Structures are given as C-alpha cells and as structure tokens.
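Colleague: I am new to this structure and would like a close look at a single part of it. Please take me through that part slowly, and then through what lies around it.

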Amino acid sequence: MNAIISVMLVLSVVISLGFAGPALAHTVDSVGSYRVEIGWMNEPVVSNETNAIELYVSPLKSGLELEEQIFENGVADLEDTIKLELLLKGEKIILPLSKDHNIVGKYYAFVNPTSSGFYQANVKGVIVDTPISLSMHPPKVNDRTFIEFPHPADITLTQVIEGHTALIASVHDLSESVDALEQSAQDSTVGYAGIGVGAIGIAAATIALVRSRK
C-alpha cells in the first residue's frame, strides 16, 4: 500500500512539473493592483522565425506574494489601451496587441526576431484606470543555427571552392599542353591543329570558370 502511495506522489509531482514548465519561462511583474506576465508563444525561440510575445493581465489577489500569484480572471479589452515596445541593441519597434479570443486577459504581439540575444519588452499604456510602464525581459532568442541540420550553406560554399580549384587546375594543365605543342609543332599541320584544339579547350574552361563565379 505504501509503495502505491509513493508511486502516486511521484506521478503527481511529475505531472505538476510538466504543467508548470511553460510558465517558468515567462516573466511576471505587477503594477498597481494588477499582475502582468509576458513570454514567447513558441519556445525555444530562434532567430528569423515568426513568433509572438504573449501578455497576460489579471487582478492581484490580496494576501499573496507576487511569486504566489497565478493568472486568473483576466482583464478584458486592453488591446487598444496597451502597446508593447520591443528593444534590442539600440533598435526598437512598437507592436500592437491582439486579444486571444479563447482566453480573456491574454494578448499577443507577432514579431520575427531577426537577431539572437536578450530582448527587452516595455509594456506601456493603461490597464483600466492604472497607468503602466514596465520593462520586462522574455527568455533569450537563440541563433537559428541552434536548430539547423545539416548546414547547407557551409556545404555549398565548400563545394563551390573545390569546383573552382579543380577548374583552375584544368586550365593550367591545358595551358602547359599548348606550350608543349607549340615547341614541337613548328611547321607541322597536325601540330597547329593540336594547338587550335588546346586553345579552344582553354577558352571553354575559362568561360566555365567565369560563369561558375557568377
């Protein structure tokens, strides 16, 4: 019986951690009598991938510390009174909010973070009759190479370099062949024909090299 109870306790802890996981990646603060929470919609966050900042606003419960507060009874109709300003390395953008039609008090602002790093999200405006100006920091945006496999850009560059090297070597060999033919040809018709063929080969190889570099 004790073993069964122990297993049930372990399972309950695992399940609770599973539900708590996404919330741990969010940032929580407060203003006046309201709880404010932000985080990324899709995690892990990577650069050059469309994502969104999620914003949750709900009343604070009396008698509880901020870390004990949960999102409950969300505040509706804030999409026109709050703006979200996103900053990174001196650049900023103002993102309008859209409300979640399924969860009252939840809003989101779509954005495509093109650089990795820690972004700053400034929440500005008014919650009902309470002015808000909070600076918050959602989780880090990772560089896109974090999820790329294989690395096609590196493979393509290597192949181009190897192709150019082989082509230059072929032109060099053809040039040496023509020099040898010139020395042995003298007045021989066959020799001049060989020189002509070699010259055509060099011309073709040169054209191919120029086109591949383009």
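In which loop is the place of K89?

Modeller: Please keep in mind throughout that this is a predicted model. The place of K89 is in the loop between β4 and β5, where β4 covers residues 82-88 and β5 covers residues 91-95. K89 has a relative accessible area of 72%, and because exposed means over 50%, K89 counts as exposed. The backbone of K89 also deserves attention, since its phi is near 50 degrees, a positive value in a residue other than glycine. To put that in context, most residues other than glycine have a negative phi.

The two strands that this loop connects belong to an open sheet of four strands, which follow the order β5-β4-β8-β9 with antiparallel pairing. At the edges of the sheet stand β5 and β9, the latter made of residues 130-136, and each of these two pairs on one side only. On average, and with direction ignored, neighbouring strands of this sheet are turned by 15 degrees against each other.

Following the sheet to β8, which holds residues 120-127, one finds seven bridges that join it to β9, the two running antiparallel. Within this pairing, G125 stands opposite I132 in β9. The loop between β8 and β9 is the place of V128, and V128, although it is not a glycine, has a positive phi of about 55 degrees. With a relative accessibility of 57%, V128 counts as exposed, because the cut-off for that word is over 50%.

Returning to β4 and β5, both strands also take part in a pocket, since each supplies at least two residues of the lining of the second largest pocket. That pocket holds about 250 Å³ of space, and its lining consists of 13 residues, of which L88, E91, I93, T114 and Y119 lie nearest its centre. By character, the lining residues divide into seven nonpolar, three polar and three charged.

Further along the chain, two charged residues can be described by their surroundings. D100 is found in the loop between β6, residues 98-99, and β7, residues 106-111. D100 has a relative accessible area of 16%, and it is called buried because that value is under 20%. The side chain of D100 reaches the backbone nitrogen of N102 at 2.7 Å, while the backbone nitrogen of I103 lies 3.2 Å from a polar atom of the side chain of D100. K106, for its part, has its place in strand β7, and at 11% relative accessibility K106 counts as buried. The side chain of K106 makes a polar contact, at 3.3 Å, with the side chain of E54.

One more backbone detail concerns the loop between β2, residues 34-40, and β3, residues 51-59, which is where P44 lies. The peptide bond from E43 to P44 is cis, with omega near 0 degrees. As general background for this, most peptide bonds are trans.

To come back to the part you asked about, K89 is exposed and has a positive phi, and the loop that holds K89 lies between β4 and β5, two strands that each supply at least two residues to the lining of the second largest pocket.

Key. Residues numbered from 1 in each chain as written. Predicted model: local features only at pLDDT ≥ 70, side-chain atom pairs only at ≥ 80, totals over all residues. Heavy atoms only, no water. 1 Å grid on protein atoms, 1.4 Å probe; cavity = no way out; pocket = protein on both sides within 12 Å on 5 of 7 lines; lining within 4 Å. Points joined across faces, edges and corners; volume = space filled by probe spheres on them. Nonpolar A, V, L, I, M, F, W, Y, C, P; charged D, E, K, R; others polar. Pairing = 2+ DSSP bridges. Axes fitted to C-alpha atoms, helices over the stretch in contact; angles between N-to-C directions. Buried < 20%, exposed > 50% of the residue type's maximum accessible area, 1.4 Å probe, protein only. Polar contact = N/O pair within 3.5 Å; in protein donor to acceptor, adjacent residues only side chain to side chain.
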